[in-house]
Amino acid sequence: MSGHEGEASCRLEINRAETDDVVYRTSPRPLALEGPMAIMPVVFRLRNCGFPAPGVYYVQVFCEGKLIAERPLHLETEA
């Protein structure tokens with residue numbers, strides 16, 4: 001993660017693509033950023049995160065309430 005120097009409040013959400021329901025959300029946490037050229041590693045630990053069904057989910061990162069990153073997560077059932 002990178003950004004302007006200072007502190008930003010960030011959180012992670014996981015949404016089910018089929019219904020747009022939020023299936024997991026972290027509490028906002030402050031991150032100290034060192035400037036736009038400094039890349040800071042950030043780890044979000046997911047605890048008790050359950051998925052109601054196979055399908056596509058979107059893992060989203062919000063900073064200061066704005067969506068800044070999104071990646072798809074494809075879940076399948078075991079064969």
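## Charges over rings

Arg 29 holds its charged end over the ring of Phe 44, with 4.8 Å to the ring centre. That is one of two such arrangements worth a look in this predicted model. The other has Arg 11 as the partner with the charge: its charged end sits over the ring of Phe 62, and here the distance to the ring centre is 4.3 Å.

On the wider charge picture, the chain carries 8 positive and 11 negative side chains. The centres of these two sets lie 4 Å apart.

## An aromatic pair

How many aromatic pairs turn up? The count comes to one. The partners are Phe 51 and Tyr 57, whose ring centres are 4.9 Å apart; their planes meet at 75°, so the pair is edge-to-face. The cut-off behind that label is an angle of over 60 degrees between the planes.

Are the two partners buried or exposed? Tyr 57 has 0% relative accessibility and so counts as buried. Phe 51, at 32%, counts as partly exposed.

## The fold in outline

Turning to the chain as a whole, the secondary structure is quick to list: five strands and zero helices. Walk along the sequence and you read β-β-β-β-β. Strand S1 covers 3-16 and strand S2 covers 22-25. Strand S3 spans 29-35, strand S4 runs over 55-63, and strand S5 takes in 66-75.

As for overall dimensions, the C-alpha atoms fill a box of roughly 45 × 20 × 20 Å along the principal axes. Of the contacts with a separation of 6 or more, 53% are between residues 24 or more positions apart.

## Surface and burial

The chain has 79 residues, and buried ones make up 28% of them. Its accessible surface comes to about 5800 Å², with 51% of that belonging to carbon and sulfur atoms.

## Tyr 58 and its contacts

Tyr 58 is a handy place to see distant parts of the sequence come together. It sits in strand S4 and is partly exposed, with a relative accessible area of 31%. Which residues does Tyr 58 touch, leaving aside neighbours within four places in sequence? The list is Glu 13, Ile 14, Asn 15, Ala 17, Glu 70, Arg 71 and Pro 72.

Take Ile 14 from that list. Tyr 58 and Ile 14 are 44 residues apart along the chain, while their C-alpha atoms are separated by 5.5 Å. Ile 14 also gives a reference point for Arg 47: those two are 33 residues apart in sequence, and 13 Å separates their C-alpha atoms. Arg 47 itself is in the loop between strand S3 and S4, and it is exposed, at 55% relative accessible area.

## Two loops with positive phi

Most residues other than glycine have a negative phi. With that in mind, two acidic residues are worth checking in the backbone. Asp 20, which is not a glycine, has a positive phi of about 65°. Where is Asp 20? It lies in the loop between strand S1 and strand S2. With 59% relative accessibility, Asp 20 counts as exposed, since the cut-off for that class is over 50%.

Glu 64 is the other: again not a glycine, and again with a positive phi, here about 50°. Its place is the loop between strand S4 and S5. Glu 64 is exposed too, with a relative accessible area of 52%.

## After the last strand

Beyond strand S5, the segment that follows holds Glu 78. Is Glu 78 buried or exposed? It counts as exposed, at 79% relative accessibility.

For a sense of distance across the model, pair Glu 78 with Arg 25. They are 53 residues apart along the chain, and their C-alpha atoms are separated by 26 Å.

Technical notes: Residues numbered from 1 in each chain as written. Predicted model: local features only at pLDDT ≥ 70, side-chain atom pairs only at ≥ 80, totals over all residues. Heavy atoms only, no water. Helix = DSSP H or I, 4+ residues; strand = E, 2+ residues; numbered from the N terminus. Buried < 20%, exposed > 50% of the residue type's maximum accessible area, 1.4 Å probe, protein only. Contact = heavy atoms within 4.5 Å. Areas by Shrake-Rupley, 256 points an atom, 1.4 Å probe, with all protein chains shown as cover. Lys, Arg positive; Asp, Glu negative; His and termini not counted. Charge placed at Lys NZ, Arg CZ, Asp CG, Glu CD. Phe/Tyr/Trp six-rings, centres within 6.5 Å; stacked < 30°, edge-to-face > 60°. Lys NZ or Arg CZ within 6 Å of the ring centre and 35° of its normal.
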